[in-house]
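Reader: Hi! I would love a close look at a single part of this model, followed outward into its surroundings. Could you walk me through it?

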Amino acid sequence: MGSERYEGPLEQVNEYLWRIPASYKSGMRVEGRIYADDRLLEQIRADQAPEQVANVAFLPGIQVASLAMPDIHWGYGFCIGGVAATDPEEGGVISPGGVGYDINCGVRVVRTNLKKEDVLPKIDHLMNLLFQKIPAGVGEEGPYHYADKKLDRLLADGVQYLLAEGYATEADIEHTEERGRIDGADPDAVSPRAKQRGQDQCGTLGSGNHFLEVQVVEEVFDPEAARTMGLEEGTVCVMIHSGSRGLGYQVCDDAIKELRQAPAKYGISLPDRQLVCAPVRSPEGQKYLAAMRAAANYAWANRQLLMWQTREAFAEFFGQPWESLQMNLIYDVAHNIAKIEKHRVGDQIKEVCVHRKGATRSFPAGHPDVPQRYQKIGQPVIIPGDMGRSSWILVGQPKSMEETFGSTCHGAGRVLSRHAAIQKARGRRIDQELAAQGIVAKCRNWKGLAEEHPDAYKDVSLVVDIVDRAGLAKKVARLRPIGVVKG
C-alpha cells in the first residue's frame, strides 16, 4: 500500500467534495475531485491515493476531472475508488491500471422468501453446507470445466452461454449489468496462459476480499424501491463478491507488459509508469479492450455459477426447489471495468471510455440501460461492507450522470494493507470475535480472516452516507451479515 501520507492540496468545494487543482502538477489536464467529508479526510490523506488522482489527470483525452469515491485507497496506477472518462476523439486512452487486475470483480445479491427466524436457528448447519459446496480459497477448482471451444464461447457470450447450458434463466440475464455479456469481447485476444488459468476456476470464489454472505435486511430506507426489489425487514439475502479469477489477472498482467512501449510510441508523457496506456483507437488499445471484455464476460459467468451452486445448496438444505424459495437475482454490478458509454460533457453528448476501478455504475430511473423492472426507481447499486458490519443496497440517481459519469462507490475501502491487517490480528481469533456478534464465519485458514477483519476497512455506513448526501446514489436498505464464507 502507498504508505507515505499525501501532503498535497485538498480544497473543500462543499461538505462532501474536495478538489485537487490542475495547477498542483505541471501536466495535469483537468482537476482532481474526491468525494469525502471531514470524517474520512484523515484516512484519505493517510496514503498516496490522492496523488494517484492527480496523476490520472495527466491521461490524454481525460474529460471534466479525475474522480475518486469516498472508499478511495491506494492501488496499482489508479487509486481504488477511481473514475476517469477519456474521449477517443481527442486521443483518449485506455489504461489497464484504470480497470485493475481483477477485471469485473463485482457483486450480486439474491433475495429469498425466507425470514430471519427461518434461518437463524440453523445458520451453523447452513454455513457448513455452503462452505462444503462453494469452492473457495487459492487455487480451488470448481465442478465446472471450460476449455478450448467451450471456454471461447464462455469468453464471448458470458452468462448468455450459461443460459444455453441450463445454468441461468432469462430473469438472471435481465438483472445482470450488460445482461451478463459485453459486446466486443474477443477470445483470440486472450493469451493461452490466461485461458489455461481459467479452465477450472469458473464457479469458484477465490481468495482475498471475495466472499459469499448470508444476510438479513435490517432496515429499509426507501420502501417503494425495496418493494420493487422484493425486500422488507427480516428478508434473508445472499451476497456474492468475486471476479475473473486467474484468467482476469493474467489478461491484465499480459496487457501491462504489452503496453509498456505504447506511451513512448504515441508521445504520451506519464508521471507514473503504472499508468501505462494506449489510445482507445490504437491497435494496442483495441486488443486490450477485446481481452478485458472477454475477462469481464468470464467474471459474470463466474458469479452466475456461484449463485447457481448457492441455489442448489439452499434447495438441498430447505428441502424445496430454489424457485419455491424465490431465490431471485436482484442485480449484479461490476466494480472493475472500462466501458464505452454516452455521457453529457458540457453541452455535448460524447461517447467516452469510462474507467471504473473500485467504483460502481449508478444509472438513474429512466436510463435505457436500467432493467424494465427498475425503470421507475433506478439501477440497484450494491455496496458490500466488511464481515462484521453492514452491506447496503442503493439506487442510482440523476446527479451521478451530471457529476461522475454515472458512477458511485463500490465498498467500504481498505484502511490497512493485508500485511498490516494480519499484524493487527496476531493472537486474535477473528472467527470467535465475529461469532460473538452473531456472525458465523467459515474460511480455509486463519490468514484469510485476518487479512479481511473489520478493522482493515473504513466504516461502510460513512462511505454510503456521503454518496447518498451527494446525490450519486440513494439508500434503499441495510443488510447485516449472519454467515460468511471467505476465500
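Author: Happy to. Let us begin with one polar contact in this predicted model: the side chain of Thr 169 reaches the backbone nitrogen of Asp 172 at 3.0 Å. Thr 169 sits in the loop between helix H6 (159-165) and H7, while Asp 172 belongs to helix H7 itself, which spans residues 170-174. Thr 169 is partly exposed, with a relative accessible area of 23%. Leaving aside residues up to four places away in sequence, Thr 169 touches Leu 163, Trp 308 and Trp 322. For a sense of scale, Thr 169 and Ala 359 are 190 residues apart in sequence and 27 Å apart in space, measuring from C-alpha to C-alpha.

The other partner deserves attention too. Asp 172 counts as buried, because its relative accessibility is 2% and the cut-off for buried is under 20%. Its side chain is joined to that of Arg 311 by a polar contact of 2.9 Å. With residues up to four places away in sequence not counted, Asp 172 touches Gln 304, Met 307, Trp 308, Arg 311 and Leu 329. Trp 308 is therefore touched by Asp 172 and, as noted above, by Thr 169.

From here we can move on to the nonpolar cores. In soluble globular proteins, nonpolar side chains tend to be buried together. The largest nonpolar core in this model has 70 residues, and those with the most contacts inside it are Leu 130, Tyr 146, Leu 154, Val 214 and Phe 314. Helix H12 (residues 283-318) gives the most to this core, contributing 18 residues. Leu 154 shows what such packing looks like: not counting residues up to four places away in sequence, it touches Tyr 146, Tyr 161, Leu 162, Cys 202, Asn 297, Tyr 298 and Ala 301. Apart from this core lies another, of 58 residues, with Ala 49, Val 56, Leu 59 and Val 463 among them.

Ala 49 and Val 56 also lead to helix H2 (residues 49-56), where eight of the eight residues are buried, so the helix is largely enclosed by the rest of the structure. Besides Ala 49 and Val 56, the buried residues of H2 include Pro 50, Glu 51, Gln 52 and Asn 55. The cover over them includes strand E2 (17-20), strand E3 (31-35), helix H1 (38-45), strand E4 (65-73) and strand E5 (80-86).

Finally, the open spaces, which may interest you as a chemist. The largest pocket has a volume of about 1200 Å³. It is lined by 42 residues, and the closest to its centre are Ile 80, Asp 102, Asn 209, His 210 and Arg 418. Strand E8 (211-220), helix H10 (245-258) and helix H14 (418-425) are the elements that give two or more residues to this lining, and H10 gives the most, with three. By class, the lining of the largest pocket has 12 nonpolar, 19 polar and 11 charged residues.

The second largest pocket has a volume of about 380 Å³. Of its 21 lining residues, the closest to the centre are Glu 178, Lys 339, Arg 361, Phe 363 and Asp 369. Strand E12 (residues 336-345) supplies the largest share of this lining, five residues. The lining of the second largest pocket divides into seven nonpolar, three polar and 11 charged residues.

Terms used: Residues numbered from 1 in each chain as written. Predicted model: local features only at pLDDT ≥ 70, side-chain atom pairs only at ≥ 80, totals over all residues. Heavy atoms only, no water. Core = buried A, V, L, I, M, F, W, Y, C linked by side-chain atoms within 4.5 Å. Buried < 20%, exposed > 50% of the residue type's maximum accessible area, 1.4 Å probe, protein only. Helix = DSSP H or I, 4+ residues; strand = E, 2+ residues; numbered from the N terminus. Contact = heavy atoms within 4.5 Å. Polar contact = N/O pair within 3.5 Å; in protein donor to acceptor, adjacent residues only side chain to side chain. 1 Å grid on protein atoms, 1.4 Å probe; cavity = no way out; pocket = protein on both sides within 12 Å on 5 of 7 lines; lining within 4 Å. Points joined across faces, edges and corners; volume = space filled by probe spheres on them. Nonpolar A, V, L, I, M, F, W, Y, C, P; charged D, E, K, R; others polar.
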